[in-house]
Amino acid sequence: MSILSVKNINKQFGGLKALNEVNLEIEAGTVHAIIGPNGAGKSTLLNCFVGRLNPDTGSVNFDGVSLLGMQPHEINQVGVSRVFQTPEIFGDLTLVENVMIPAFARRDGAFRINGWGQVEDEKNVRENAMHLLEDVGLAESADTVANQLSRGDKRRLELAMCLVQKPKLLLLDEPTAGMARADTNNTIDLLKKIAERGITMVIIEHDMHVVFSLAEKISVLAQGTVIAEGLPNEIKGHPKVQEAYLGGAHL
Amino acid sequence: MIKFNVKNKDHMLLLGFIGVVALAPIIMAPIGGGYPDLLQKFAIFGIFAIGFNILFGLTGYLSFGHAAFLGIGSYTAVWTFKLLTMNVIPALILSTLLAGVFALLIGFIVLRRSGIYFSILTLAFAQMSYNLAYSVLTPITNGETGLQLRHHDARVLDGLFGVTRGEGLPSTSLFGMSMSGWSGYYFCGVMLIIMFYISLRIFRSPFGMMLRAVKSNQNRMSYTGLNTRPYTLAAFVISGMYAGLAGGLMAITDPLAGAERMQWTASGEVVLMTILGGTGTLLGPVIGAGVIKYFENIFSSFNEGILMEAFSFLPEFLQHAMVTVAGLFVGEGWHLTLGALFMVIVIFLPGGLMEGIARIGNVFRRWRKPKPVAPTEAEAAASE
């Protein structure tokens, strides 16, 4: 059963056709990678899933709900969480606060004035947040300010912030970009663990090592169109894919 | 996991705060501030600044128009005195609520923008209110003369409860307790404590955490499923209500409301108070308000005679030279002192006076430890 169903999406920026009749089905409980050369439209596609961009035509359905025209916070509330290419965290707040905020958002909804209750009394939320920090290996620094983390740790924190919401769909935009090899391998292990819990993931990635370690299904995007789709083994030897990556696609 | 008990610390803070408010007449006496009029101003501007800090300190939205809500509070209070009763309770409730309603309307419009555009919009709105109060709204505001009590005002509720009309103008009261002198100060002091406690609760609440998240990263907030607009609007309304209450209290001390209370300089003053004391800290705004009002009152009252006396131990030509130089900084020149102080603090203590206090505290703690352990730079940064 597909949890995210994308049909005939088009997106044009001025004279540039960023997405051209893109169709995509994401199966529930799988890890689906979207790969493609620079400028292929991967991030544009992801932005269409989370309400940052609205496609010109086409439809995006998540779990039976159309995501088109919804605000980013509404899309999150139906169960889609996103990890950004450059980590988006609450830099001035402590790690545990960073994870508690999404937990509150899941529990209390998009807006609730709880000005009299005290964070100190929210033992369950805090414990839950601490569990997630343990999962990503940041529990010891729970009370430090998030800005002091390294880039790799920031990304792991962001992952914990998404996971505390128990998302139905987790979107990851180049989760290992700019990481050292050891960090990349740690992240791969972490993502594998998350995948084992049955969370559906869509990963945009350049690093083929990451893609082939994680993905169960791969879609290849080039110049705004899906040029190939299939299991990792099928993609590896696909002539069109090699052509796209060698840069000779439409010479 | 939890290193210290936040609640106990907060209780101590609140107790200390109540102690200082209660003993302020004694504490302030040696430095010439132990009289009710000045202390009342501390309390009122303290409330104004605490409220402003809920918006600016937590969400980072810098409003340059908060004096408008102060003015609305004052006008509402005086109108309540004129139409309903000289009792202060209805006046305070109405001025807080009406300022809240205005804050809701204005906030709904101006919060469409953030950063400098938000500041400019609030400034424009406040100047608009100021000019309206002087021109079109004269029937309500009584223009330049300011809104005053009159002997023949209706005062419906007072009439119903059979309060007899005296010969002169009536004065504000709390069920018969006069609102001038020390009782007036203690009434404002109690309000300050209540408003401080509310702000303490908000700071430590999930709502307060969301407001800090707004300041930190609005983008992450929306992708975390939170709608940022109502959060900022709520903060704006709450701080507007604080300002309305402060305006109402001003009218209680002196039942006269003028449009100059809404001018941009008044809005700027509360920004200075908050930054001077320490933006985003609990006590900072109150301290900042106290320092600025103290300077305004004490330094502006110094004249040449007092200076001559102060430097009388010097030879005559030196005495004259010192008086000429120091004279620039007192009397009408007190703004110069304030400006210099403000610059020094912003440059050397960007966290305001609260940062200074924290640094002194750290020095003490290090000094009291038997083994002097030099902290690493990271530790020092983390403790600030």
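This is a guided tour of a predicted model with two chains, A and B, stop by stop.

**Stop 1: chain A as a whole**

Start by selecting chain A and colouring it by secondary structure. You should find nine helices and 10 strands. Along its principal axes, the C-alpha trace spans about 60 × 40 × 35 Å. A compact globule of 251 residues would have a radius of gyration near 18 Å, and chain A has 19 Å, which agrees. Of the 251 residues in chain A, 45% count as buried. Among the contacts in chain A with a separation of 6 or more, 67% link residues 24 or more positions apart.

**Stop 2: the six-stranded sheet of chain A**

Now show the strands of chain A as a cartoon and look for the order β6-β7-β8-β3-β9-β10, an open sheet of six strands with mixed pairing. Its edges are β6 (80-83) and β10 (225-230) of chain A, each of which pairs on one side only. From one strand to the next, the twist averages 20 degrees.

Select residues 31-35 of chain A, which make up strand β3. Is this strand enclosed or open to the outside? Five of its five residues are buried, so β3 of chain A is largely enclosed by the rest of the structure. Turn on the side chains and you can check both faces: A:Val31, A:Ala33 and A:Ile35 are buried on one side, with A:His32 and A:Ile34 buried on the other.

Next, add the neighbours of β3(A). Strand β8 (residues 200-204) of chain A runs parallel to β3(A), and four bridges join them. To find the register, pick A:Ile34, which stands opposite A:Ile204 in β8(A). Strand β9 (residues 217-222) of chain A also pairs with β3(A) in the parallel sense, over four bridges. Here the pair to pick is A:Ile35 and A:Val220, which stand opposite each other.

Move on to β6(A), which pairs with strand β7 (residues 169-173) of chain A in the parallel sense over four bridges. Select A:Arg82 to see its bridge partner in β7(A), A:Leu171. Then add residues 151-163 of chain A: this is helix α5, which lies across β6 and β7 of chain A and runs at about 175 degrees to β6(A).

**Stop 3: the four-stranded sheet of chain A**

Chain A has another sheet to visit. Four strands form an open sheet in the order β2-β1-β4-β5 (chain A), and the pairing is antiparallel. The edge strands are β2 (16-27) and β5 (65-66) of chain A. Select residues 2-13 and 57-62 of chain A to bring up β1 and β4, which pair over five bridges. A:Leu4 has A:Phe62 in β4(A) as its bridge partner. Which helix packs on this sheet? Select residues 42-49 of chain A: helix α1 touches β1, β2 and β4 of chain A, and its direction makes about 60 degrees with that of β2(A).

**Stop 4: the two domains of chain A**

Recolour chain A by its domain assignment: domain 1 covers 1-79 + 167-251, and domain 2 covers 93-166. Their C-alpha centres lie 27 Å apart. Where they meet, 10 residues of domain 1 are in contact with 12 residues of domain 2 of chain A. On the domain 1 side, α2 (72-77) and α6 (181-196) of chain A each supply at least two residues. The largest share of that side, three residues, comes from α6(A).

**Stop 5: chain B**

Switch to chain B, where there are 18 helices and four strands. Its radius of gyration is 23 Å, close to the 21 Å that the globule rule gives for 384 residues, so chain B is as compact as a globular protein of that length. The C-alpha atoms of chain B fill a box of roughly 75 × 70 × 40 Å along the principal axes. Of its 384 residues, 44% count as buried.

Select residues 228-253 of chain B to see helix α11. At 1.5 Å a residue, its 26 residues should span 38 Å, and its end C-alpha atoms are 38 Å apart, which agrees. Is this helix mostly covered or mostly uncovered? It is mostly covered, with 23 of the 26 residues of α11(B) buried.

**Stop 6: where the chains meet**

Finally, show both chains. Here 29 residues of chain B are in contact with 33 residues of chain A. On the chain B side, α1 (6-28), α8 (181-203), α9 (206-216), α10 (218-222) and α11 each supply at least two residues. Zoom in on α9(B), which gives the largest share of that side, eight residues.

Note on methods. Residues are numbered from 1 along each chain as its sequence is written. Chains are lettered from A and ligands numbered from 1 in the order in which they are written. This is a predicted model: local features need pLDDT of at least 70, side-chain atom pairs count only at pLDDT 80 or more; totals for chains, interfaces and linings use all residues. The radius of gyration is taken over C-alpha atoms; the globule rule is 2.2 Å times the number of residues to the power 0.38. A residue is buried if 20 or more other C-beta atoms lie within 10 Å of its own, exposed if 12 or fewer, and partly exposed in between; C-beta atoms are placed from the backbone. Two strands pair if DSSP finds at least two bridges between them. Two residues are in contact if their C-beta atoms, placed from the backbone, lie within 7 Å. Axes are lines fitted to C-alpha atoms, for helices over the stretch in contact, and angles run from 0 to 180 degrees between N-to-C directions. The expected span of a helix is 1.5 Å times one less than its number of residues. Domain bounds come from an automatic or database domain assignment.
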